[in-house]
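Biologist: Could you take me through one part of this model in detail? I would like to look at the sheet, strand by strand, and then at what surrounds it.

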Amino acid sequence: MEVDSKVAETEMAVKLGRPILVGGIGLSFSLWVLESLHQEVVQLGEYTLLGALALGSGFWLWKQRAAKNATLRLPEKPLERETVVQAISFASAAITQLEAEAQNHPAIATLRQRVASSTAELERQEIRLVVTGGKNVGKTTLMRVLSDSWGTQEQQKLSWSETPALFTATDADGTQTDISDEAIASDLVLFITTGDLTESEFQALKQLAALNQRTILVFNKQDQYLPEERPLVLQQLQKRILEILQPEDVVGIAAAPGMVKVRQHQGDGSVQEWMAQPAPEITQLKQQLSQILVQSKQQLVWASTFRAALALKAEAVKLLNEVRRDRALPIIEQFQWIVAATAFANPVPALDLLATAAINAQLVMDLGAIYQQKFSLQQAQTVAGTMGSLMLKLGLVELSTQTISGMLKSNAITFVAGGIVQGVSGAYLTRLAGLSLIEYFQAQDVAAAGGLLNFDKLGEKLQQVFQQNQRVAFLQSFVKQAVGRLIPESPQLIIGS
Ligand SMILES: Nc1nc2c(ncn2[C@@H]2O[C@H](COP(=O)(O)OP(=O)(O)OP(=O)(O)O)[C@@H](O)[C@H]2O)c(=O)[nH]1
Ligand SMILES: [Mg+2]
């Protein structure tokens, strides 16, 4: 809205036919059930799509990172084909929704193609194995030894790959726990360690388990321990990982045992000595692998396809949310200036600010419409009122008002014009409320037409958004912008300088 004076903005509010609707403070925190409750097996809201890695078949992969405490809600084991098919259809529905809201979105063709390949994946015969673990643990060696000995005698076709060494790169946020996309894409992970688990290794194994990724923990280089120590190390590993892996999925090997001195007594009484490389000790691992493949081959393929379908859906949802956000932000902006102008013209005590103006039922309805969450006017009023009282209860109103008035006072705006504090605070709080609603709606499932509006969650989003928008630099530039709008003729816009 390119209107500068507050009068014009107030008029605009009237022209828009959007009365500033007020939900009173003290409304009960009532919940309601919207029209239909859509049941879904999987909820992706708490997961972050990290981007994608195209493997041979072009799957988009995803992993959990943002929400470390979140656990993936998996369907009852064993996974049924129908559940996987359903997950693919959810992905497809999300793409359809994206297409409905952004017809010419450039990603649609590729996403659709992935749905098709996911469906084909259900019938895949070849099993993908990936070897992973820290630096120098013997990934390449094991892959070579195992694939050599496997190729000649087993019928099941396997494809092998090795991930780059884990725990070598440090992320921007300093975390070292990372499990590669390749591991998540495979049907079965061989996770190599060479002794007791480090915390990073443990976390990585937990992540794999949370993704329903079948994993064998391989204790390699056991030749480096004394014979009597080996079973102890193995037991230790089995114990540590008991909640995540069955003991039989923890196996000791020596992919390339170190040279040993061979001593041979000759017939003439002399002794000959030489160095020799013992054969790899991988028998038990091969047995376990064969058994898993015989028993669970189908499950492994379905689980991979299931993860791929989740990733695909997450990708579509992410794009959909971007589209929606692009539409929602200008609306929030529009409302925040309307509220600013209204509160500026009719200053009210700071604590009543929200109750009277900032959280607007119309804003709730408009944003809800973008996010396919239909609200009746009355419902929207309840949401607005509840958000207002939440903001008060959380102390956000008081804190913002104080900070903003402090900034105005300490920054050369000596004449604190009429309702300038109220105007700026109103705009700021409206923005926070709008952004929180966006965050809240985004966490809802796309396909779900409704659900319980959870005010605890909404309160969490409010606090989260408030924290994100509390930085002094941001507030200063916001205050400057708001003052510029409310008092365009003011010569004193040097806030924060
Ligand atoms: N003693 C002993 N050494 C092993 C064993 N397995 C592998 N090694 C040695 O460990 C070293 C690293 O083996 P790689 O297979 O290259 O290990 P990697 O995990 O692929 O290493 P990166 O890819 O560089 O992280 C090599 O010198 C191997 O010979 C084993 O069972 N016992
Ligand atoms: Mg290697």
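Modeller: Gladly! Let's start at a single bridge: Val218 has Val251 of E5 as its bridge partner. Please keep in mind that this is a predicted model. Val218 belongs to strand E4, residues 215-219, and E4 pairs with E5 in the parallel sense over three bridges.

From there we can step back to the whole sheet. Five strands make up an open sheet, ordered E2-E1-E3-E4-E5, with parallel pairing. Its edges are E2 and E5 (250-252), each of which pairs on one side only. From one strand to the next, the twist averages 25 degrees. Helix H7, residues 230-240, lies across E4 and E5, and runs at about 165 degrees to E5.

Now follow the order across to E1, residues 127-133. E1 pairs in the parallel sense with E2 (residues 158-162) over five bridges, and with E3 (residues 188-193), again in the parallel sense, over five bridges. On the E2 side, Ile127 stands opposite Leu158; on the E3 side, Gly133 has Ile192 as its bridge partner.

E1 is also mostly covered, with seven of its seven residues buried. In a regular strand, side chains alternate between the two faces of the sheet. Here both faces are covered: one side carries Ile127, Leu129, Val131 and Gly133, the other Arg128, Val130 and Thr132, and all of these are buried.

Leu190 links several of these pieces. Leaving aside neighbours within four places in sequence, Leu190 is in contact with Leu129, Val131, Leu142, Ile216 and Val218, so you meet the residue we began with once more. Leu190 and Val218 are also among the residues that touch the most other members of the largest nonpolar core, which has 64 residues; Ala91, Leu217, Ala309 and Ala316 complete that group. Helix H8, residues 283-345, gives the most to this core, with 17 residues. Apart from it lies another core of 50 residues, including Met391, Leu396, Val397 and Ala427.

Ligand 1 is worth a look too. The ligand is surrounded by 17 residues, and the closest are Gly138, Lys139, Thr140, Thr141 and Ala165. By class, its shell holds six nonpolar, seven polar and four charged residues.

For the wider setting, the protein comes to 15 helices and seven strands, and buried residues make up 39% of its 497 residues.

Note on methods:
Residues are numbered from 1 along each chain as its sequence is written. Chains are lettered from A and ligands numbered from 1 in the order in which they are written. This is a predicted model: local features need pLDDT of at least 70, side-chain atom pairs count only at pLDDT 80 or more; totals for chains, interfaces and linings use all residues. A residue is buried if 20 or more other C-beta atoms lie within 10 Å of its own, exposed if 12 or fewer, and partly exposed in between; C-beta atoms are placed from the backbone. Helices (H or I, at least four residues) and strands (E, at least two) are DSSP runs, numbered from the N terminus. Two strands pair if DSSP finds at least two bridges between them. A nonpolar core is a set of buried Ala, Val, Leu, Ile, Met, Phe, Trp, Tyr and Cys residues joined through C-beta atoms within 7 Å. Two residues are in contact if their C-beta atoms, placed from the backbone, lie within 7 Å. A residue is near a molecule or strand if its C-beta atom, placed from the backbone, lies within 6 Å of it. Ala, Val, Leu, Ile, Met, Phe, Trp, Tyr, Cys and Pro count as nonpolar, Asp, Glu, Lys and Arg as charged, and the others, Gly among them, as polar. Axes are lines fitted to C-alpha atoms, for helices over the stretch in contact, and angles run from 0 to 180 degrees between N-to-C directions.
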